[in-house]
Amino acid sequence: MHQPHPSEPLNVVGVSPHADDAEYGAGCLLAAYAAAGHRVSIVLMTGVDEVRSAEAKAAAAVLGADLVTDPTGHDGCLDVTGARVRWLEEQTGRADVVLAPHPDDTHQDHRATSAIVSAALRRSGVSLSWYRTPSSGQAFAPTAFHPVTEHLARVRQRAIDMHRTQADRIYLQRDHLALKDAWFGWLSGHPAAEPFEVVRQRLTAPPVRAVATGRPG
């Protein structure tokens with residue numbers, strides 16, 4: 001297993017069921033990793049739509065990330081297959097940190113992505129955290145939060161704005177994102193924050209900051 005030297009850049013992979021999911025759930029963290037000199041990539045599981053894939057590529061570039069797409073994945077009917085698991089194993093083979101949607105989600109593609117990630121990493125010790133999506137269920141229980149600065153929020157918004165075909169989605173609007181950041185900031189003791197549920201943390205990989213859960217007194 002690749003063990004990076006403390007001075008080496010980390011390989012950070014955000015797995016996204018659809019174009020815009022990784023930006024919504026982990027856009028600020030991915031941008032922070034990229035700004036710190038780490039190698040960041042977004043793996044898009046539903047890459048058959050060329051228009052949305054092009055938007056995702058532009059959004060990833062704003063965050064400082066590369067984009068890899070599964071050209072066989074269809075929006076709305078993503079299947080968990082051995083071939084797809086093996087493909088994701090290849091994309092995460094040298095990853096140090098993987099971020100993916102939580103298994104408890106009302107969208108079938110999000111649940112499938114989580115299952116594919118779990119299967120692909122079943123023999124791996126890579127650091128893994130679930131991020132929240134607009135359709136995450138009540139089982140999502142964040143155990144780590146990344147502070148959202150004004151600069152990171154602007155970078156994330158510029159990335160989200162690349163998804164022009166999704167411009168009417170309420171959950172991608174600035175006001176919604178600001179309220180989400182403020183809510184999880186209040187839970188974690190920050191002015192604003194992105195939430196994550198840590199599955200395993202193999203190495204100290206800033207900029208994620210683990211904090212005690214529960215509302216501040």
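Author: On a 1 Å grid over the protein atoms alone, a pocket is an open set of points with protein on both sides within 12 Å along at least five of seven lines, and its lining residues have an atom within 4 Å of a point. The model discussed here is predicted.

Reader: How do the lining residues of the second largest pocket divide by class?
Author: About 180 Å³ of space lies in this second largest pocket. Its lining consists of His-18, Asp-20, Asp-21, Arg-52, Asp-75, His-107, His-110, Pro-134, Ser-135, Gln-166, Arg-169 and Tyr-171. By class, that lining has two nonpolar, five polar and five charged residues.

Reader: What is the volume of the second largest cavity?
Author: The count comes to two cavities of 30 Å³ or more. The second largest cavity is lined by Ser-16, His-18, Ala-19, Asp-20, Glu-23, Ile-42, Leu-44, Ala-56 and Leu-67, a set that divides into five nonpolar, two polar and two charged residues. The volume of the second largest cavity is about 30 Å³.

Reader: Is Asp-20 buried or exposed?
Author: Asp-20 is among the residues lining the second largest pocket, and Asp-20 also appears in the lining of the second largest cavity. In the chain, Asp-20 is found in the loop between strand 1 and helix 1. Since its relative accessibility is 2%, under the 20% cut-off, Asp-20 counts as buried.

Reader: What is the phi of Asp-20?
Author: Most residues other than glycine have a negative phi. Asp-20 is not a glycine, yet its phi is positive, at about 110°.

Reader: What pattern of helices and strands does the protein chain follow along the sequence?
Author: The protein chain has six helices and eight strands. Of its 217 residues, 52% are buried. Among contacts between residues at least 6 apart in sequence, 80% join residues at least 24 apart. Read along the sequence, the pattern is β-α-β-α-β-α-β-α-β-β-α-α-β-β.

Reader: Which elements do the buried residues of helix 4 pack against?
Author: Helix 4 covers residues 108-120, and its 13 residues reach 18 Å from the first C-alpha to the last, close to the 18 Å expected. Its buried residues are Asp-109, His-110, Ala-112, Thr-113, Ser-114, Ile-116, Val-117 and Ala-120; of these, His-110 is also one of the residues lining the second largest pocket. The buried residues of helix 4 pack against strand 1 (11-16), helix 1 (21-35), helix 3 (82-91), strand 4 (97-101) and strand 5 (127-131).

Reader: How far apart in space are the C-alpha atoms of Tyr-33 and Leu-10?
Author: Tyr-33 lies in helix 1. At 1% relative accessibility, Tyr-33 counts as buried. Tyr-33 and Leu-10 are 23 residues apart in sequence, and their C-alpha to C-alpha distance is 8.5 Å.

Reader: With which residue does Arg-84 form a salt bridge?
Author: By the rule of a side-chain nitrogen of Lys or Arg within 4 Å of a carboxyl oxygen of Asp or Glu, the count comes to eight salt bridges. In one of them, the closest N and O atoms of Arg-84 and its partner are 2.9 Å apart. The pair links distant parts of the chain, with Arg-84 in helix 3 and the partner 14 residues away, in the loop between strand 3 (66-69) and helix 3. Arg-84 counts as buried at 10% relative accessibility, and so does, at 3%, its partner Asp-70.

Reader: How far apart in sequence are the parts that Arg-122 and Glu-89 tie together?
Author: Arg-122 and Glu-89 form a salt bridge, the closest N and O atoms being 3.3 Å apart. Arg-122 lies in the loop between helix 4 and strand 5 and Glu-89 in helix 3, so the parts tied together are separated in sequence by 33 residues.

Reader: How is Glu-89 classed by relative accessibility?
Author: The relative accessibility of Glu-89 is 25%. Because partly exposed residues fall between the cut-offs of 20% and 50%, Glu-89 counts as partly exposed.

Reader: Which residues are joined with Arg-156 into one network of salt bridges?
Author: The side chains of Arg-156 and Asp-181 meet in a salt bridge of 2.5 Å, N to O. This pair connects helix 5 (residues 150-161), which holds Arg-156, with helix 6 (residues 174-188), which holds Asp-181, across 25 residues. Arg-156 counts as buried at 2% relative accessibility, and Asp-181 is buried with a relative accessible area of 4%. Through salt bridges that share partners, Arg-156 is joined into one network with Lys-180, Asp-181 and Glu-194.

Key
Residues numbered from 1 in each chain as written. Predicted model: local features only at pLDDT ≥ 70, side-chain atom pairs only at ≥ 80, totals over all residues. Heavy atoms only, no water. Helix = DSSP H or I, 4+ residues; strand = E, 2+ residues; numbered from the N terminus. Expected span 1.5 Å × (residues − 1). Buried < 20%, exposed > 50% of the residue type's maximum accessible area, 1.4 Å probe, protein only. Contact = heavy atoms within 4.5 Å. 1 Å grid on protein atoms, 1.4 Å probe; cavity = no way out; pocket = protein on both sides within 12 Å on 5 of 7 lines; lining within 4 Å. Points joined across faces, edges and corners; volume = space filled by probe spheres on them. Nonpolar A, V, L, I, M, F, W, Y, C, P; charged D, E, K, R; others polar.
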